[in-house]
Amino acid sequence: MAAGLFAFIIALLASLFLTAPVRSFGIARRNGRSSRDLAKCIWQPIPLLGGLAMYAGVVLGVLFLFTGPARAQIEGILAGPR
């Protein structure tokens, strides 16, 4: 139970601290040719990398606190196909 709570806290803090840089990176990557531009009445840029900070937070929480199959699965996802 305690490991799950600490993993949640790590994921929460990592997500909070990573949201602003990922948002800035997502806005900087925009090139104006997106299928999300349904109408030209939207004048504010829309970052397209919204879940990256949350995913990184969960991955960090699992990698720091868990062992066994959960950690092995995350390591496998990060390693990619062989």
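1. Let us start with isoleucine 9, which is partly exposed because its relative accessible area is 34%. Here buried means under 20% relative accessible area, exposed over 50%, and partly exposed in between (1.4 Å probe, protein chains only). Isoleucine 9 sits in helix α1, and α1 spans residues 2–29. Helices (H or I, at least four residues) and strands (E, at least two) are DSSP runs, numbered from the N terminus.

2. A word on what you are looking at. This is a predicted model, in which local features need pLDDT of at least 70 and side-chain atom pairs count only at pLDDT 80 or more, while totals for chains, interfaces and linings use all residues. Residues are numbered from 1 along each chain as its sequence is written, and side-chain values use heavy atoms, with hydrogens and water left out.

3. How confident is the predictor? The score is pLDDT, the predictor's confidence in each residue, from 0 to 100. The chain has an average pLDDT of 79, and 74% of the residues reach at least 70. Confidence is lowest in α1, with a mean of 84, and highest in helix α3 (residues 69–79), with 89. Where pLDDT is low, please do not read the predicted coordinates in detail.

4. Now the overall layout. The chain has 3 helices and 0 strands, giving the order α-α-α from the N terminus on. Of its 82 residues, 15% count as buried. Contact means heavy atoms within 4.5 Å. Among the contacts in the chain with a separation of 6 or more, 55% come from residues 24 or more positions apart.

5. Isoleucine 9 also belongs to a nonpolar surface patch of about 1100 Å², made by Leu5, Phe6, Phe8, Ile9, Leu12, Leu13, Leu16, Phe17, Leu60, Phe64 and Leu65. The elements giving two or more residues to this patch are α1 and α2 (52–65). Which of them gives the largest share of the nonpolar patch? That is α1, with 8 residues. Patches are made of residues with over 30% relative accessible area and no salt bridge; like charges are joined within 9 Å, and nonpolar side chains (Val, Leu, Ile, Met, Phe, Trp, Tyr) within 5 Å. For the chain, the exposed area is about 6500 Å², with carbon and sulfur atoms supplying 69% of it. Accessible areas come from the Shrake-Rupley method with a 1.4 Å probe, and for residues only the protein chains shown count as cover.

6. Leucine 65, one of the patch residues, has its place in helix α2. Leucine 65 counts as partly exposed because its relative accessibility is 32%. Leaving aside neighbours within four places in sequence, leucine 65 is in contact with Ala3, Phe6, Ala7 and Ile10. Its C-alpha atom is 6.3 Å from that of alanine 3, although the two are 62 residues apart along the chain.

7. Is glycine 57 buried or exposed? Glycine 57 is buried, because its relative accessible area is 0%. This residue of helix α2 touches Ala11, Ala14 and Ser15, not counting residues up to four places away in sequence. The C-alpha atoms of glycine 57 and isoleucine 9 are 9.4 Å apart, with their positions 48 residues apart along the chain.

8. Serine 15 gives the view from the other side of that contact. Serine 15 is found in helix α1 and counts as buried because its relative accessibility is 15%. Neighbours within four places in sequence aside, serine 15 is in contact with Ala53, Met54 and Gly57. A polar atom of the serine 15 side chain also lies 2.8 Å from the backbone oxygen of alanine 11.

9. Alanine 20 is another residue of helix α1. Alanine 20 counts as partly exposed because its relative accessibility is 48%. The C-alpha atoms of alanine 20 and alanine 53 are separated by 8.8 Å, and the two residues are 33 apart along the chain.

10. Finally, a look at charge pairs. A salt bridge is a side-chain nitrogen of Lys or Arg within 4 Å of a carboxyl oxygen of Asp or Glu, and by this rule the count is 1. Glutamate 75 and arginine 71 form a salt bridge through their side chains (3.0 Å, N to O). They are separated by about one helical turn because they are 4 residues apart in helix α3. Both ends count as partly exposed: glutamate 75 has 39% relative accessibility, and arginine 71 has 30%.

Methods:
Polar contact = N/O pair within 3.5 Å; in protein donor to acceptor, adjacent residues only side chain to side chain.
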